[in-house]
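Student: Could we go through the charged pairs and the nonpolar cores together, setting each value against its cut-off?
Tutor: Gladly; have a look first.

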Amino acid sequence: MTSSIFQPGRVAARRVILWVGLVVTISLLIMMYGTLRAFDDAIQPEMEKRSRLIGETVRGRFERALELGVPLESVAGAGKFFDAMLADFADVQSITLLSKNGDVIISASNTSEPKGTLTARVVQVGKEESPHFSLPILSRNTLVGEIKIAFDPAFVRTRLQDVLLDVFVVALVSILVAFELVIFVMAGALAKPLDRIFSLLRLQSTGVFNHIIRARDAGNLRRVARRISDRAIDLSERTQSAGKLLRMPQAYFVDVRLALFVFSLATEISGAFLPLYARDAGGPEWVSGDFAAIAPLIAYLVAIAAVAPFGGWITRLVSPRSLFLMCIPFTAAAMAAVGLGLSALWIAVWHGAMALAYAAATIACQEYAIRTAPEGEDAQAIGSYLFVIMGGAFCGTSFGGVLADRIGPNGTFFFGAFLVIIAGVLGAVTISGKVATRSEPASDQTRNSRYSGLAILRNVRFVVLLLCVGATMNVGMSVFIWYLTPMILEAGGARIADIGRVIMLFYLAPILFGPLVAKLADGKVGYTPMLLGGVLLSGVALASLAIWSGFWPMVVVVAAFGIGFTMCDATQYAQTIKIAEASQISGARAVSLGALRLGNRLAAIVGLLASAYLVEQFDYLNLAVATGGFMCAGAVVMMVAGTARALLRPGRVGKS
């Protein structure tokens, strides 16, 4: 029996999940705010004690000089001493030596901006007042002068603001993890048991009494399941066929969600710093720094492209559960090897090896999602799969940037390897080993249909879609998000944590806007306008860097590019399926989807190679602008091709 078509449990669980998710989100936000305020209140007294200790240290140096008979105005090296104190203590804003009459003898101040203020300007946190300490200088109990020290309130405030942003990132990660946990728990307690009960009732209503629901599969509905199953048990005992009773199918996509989420988080934990990590690792003399930075990304894309054409064949050889679990040790070992960071080529080789296992594991999860989806809901199944993948990538990139800023990139890779093992344990516990295999249409099983499907590659609409949408968007993603964004921000003085916070906006866009985009694309807007709008938005965003630049423009551009990419990501696959079905070519759907995936990966590889060559002639910012122009050109070609098709076929019917 195939996976259940009728799944009312999802409808019942969906409302509960939304309310529980809202409660969890509010609780985490309140906890984040309370933690920050408690930290703010606790650190201020400690900073004041430290400040007074610094002042007493400075005063002691001058009092010892006075004991030796040196006048206060003649103390040698006082200016250098003040400069050294300012260099050692970043929280000291100024040090002033005054005579007993209040005249300034020596004064030094620190005018440099505290580090870490790039993202700290988002919100004001901490005390605004600037503490001052005036300590008298005594010589034999006689006042001879005064030391006045001013401490920079921005030092503590910016540190608190960085803590706020780090806590906010962790809170977002916690919310997504909590959301996945709530879905998993509610599915086991309500959704899956209710689906099994309704499915069993539908079978019994048609006269089929050869299935039962075991108590451990019934969640909190054990009594109802037992009552319904007793009918089949009683009938089987009368007909002496008790040994032939079957368990209701129990494979659902929710079984793999949590393991896939943790796996995606672990493998994307280096998204904020991988090019910088590879560049700093160095390599042979014939490898430039720019090529060293993109070498791991190219190896990653080549590995993904190599596995993509064989995805269907692999899943027919082994079950999705077995394939996923086999990939876990290889992925963990490869990530640990990358963490050693011996050289850029070493990192590239092992990152490519990790990508091979990653590609196979995600193909297994995608196949599991398709096989367990109700008939007619393949698009929703793939959408849920992409949501989990992007959610994990978002959490991995943002959390990895914060983690690398604390324990270093090497330790972050080892932590990612540990998370991969956790994902494997979750998969071994939750993923079902028995998943029904969907039978393909007879026309797709013949040798002639497999070869005839290649005719879709000559379809003009598909070629325009592949080149103007798939290729341009993937070139933009690989060149701008993966390569140029870390380089531009790092050149501007941003830390790894700041870079991670910016890049996470790209992965946040599909999470926030993905469902709305899918609804509009399937509804009033249509596929072609959505694709055109996404390419234009992303291209214009990148091209706008020609007229403004800096940290905050990069924040806006990355967020806008993420929205544009969201408009095109799932929509291009839906449009590909529509073109294949409209062509009425046998086998066109499988061939076109495979060609789109392969073409996207190859375009990303070519884009990275070209960018590594062109960056030697142009700087990072100009290369980003050129990438935006390339994307805008793709949108123009798409508009011209659409206009020409409309003129040739004015009577076309249906949504494009």
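Student: What makes the contact of glutamate 490 and arginine 279 a salt bridge?
Tutor: A salt bridge needs a side-chain nitrogen of Lys or Arg within 4 Å of a carboxyl oxygen of Asp or Glu. The side chains of glutamate 490 and arginine 279 meet at 3.5 Å, N to O, so the pair fits that rule. Do keep in mind that this is a predicted model, where local features need pLDDT of at least 70, side-chain atom pairs count only at pLDDT 80 or more, and totals for chains, interfaces and linings use all residues. Residues are numbered from 1 along each chain as its sequence is written, and side-chain values use heavy atoms, with hydrogens and water left out.

Student: Which helices does this pair link?
Tutor: Glutamate 490 sits in helix α13 and arginine 279 in helix α6 (residues 274-281), 211 residues apart. Helices here are DSSP runs of H or I with at least four residues, numbered from the N terminus.

Student: Why is glutamate 490 called partly exposed?
Tutor: Buried means under 20% relative accessible area and exposed over 50%, with partly exposed in between (1.4 Å probe, protein chains only). Glutamate 490 has 31% relative accessibility, so it counts as partly exposed. Arginine 279, at 25%, is partly exposed too.

Student: Which residues make up the salt-bridge network?
Tutor: Arg279, Asp280 and Glu490 are linked in it. The side chains of arginine 279 and aspartate 280 meet at 3.3 Å, N to O. Aspartate 280 has 58% relative accessibility and therefore counts as exposed.

Student: How many salt bridges are there by this rule?
Tutor: The count comes to three. One of them joins arginine 257 and glutamate 180 at 2.9 Å, N to O. Arginine 257 lies in helix α5 (residues 254-267) and glutamate 180 in helix α3 (residues 153-205), so the pair ties together parts that are 77 residues apart in sequence.

Student: Is arginine 257 buried or exposed?
Tutor: Its relative accessibility is 10%, so arginine 257 counts as buried. Glutamate 180, at 3%, is buried as well.

Student: What makes a set of residues a nonpolar core?
Tutor: The members are buried Ala, Val, Leu, Ile, Met, Phe, Trp, Tyr and Cys residues joined through side-chain atoms within 4.5 Å. The largest such core has 129 residues, and those with the most contacts inside it are Phe324, Phe394, Phe480 and Tyr483. Helix α13 (residues 460-491) gives the most to this core, with 19 residues. Apart from it lies another core of 21 residues, including Ile54 and Leu86.

Key
Helices (H or I, at least four residues) and strands (E, at least two) are DSSP runs, numbered from the N terminus.
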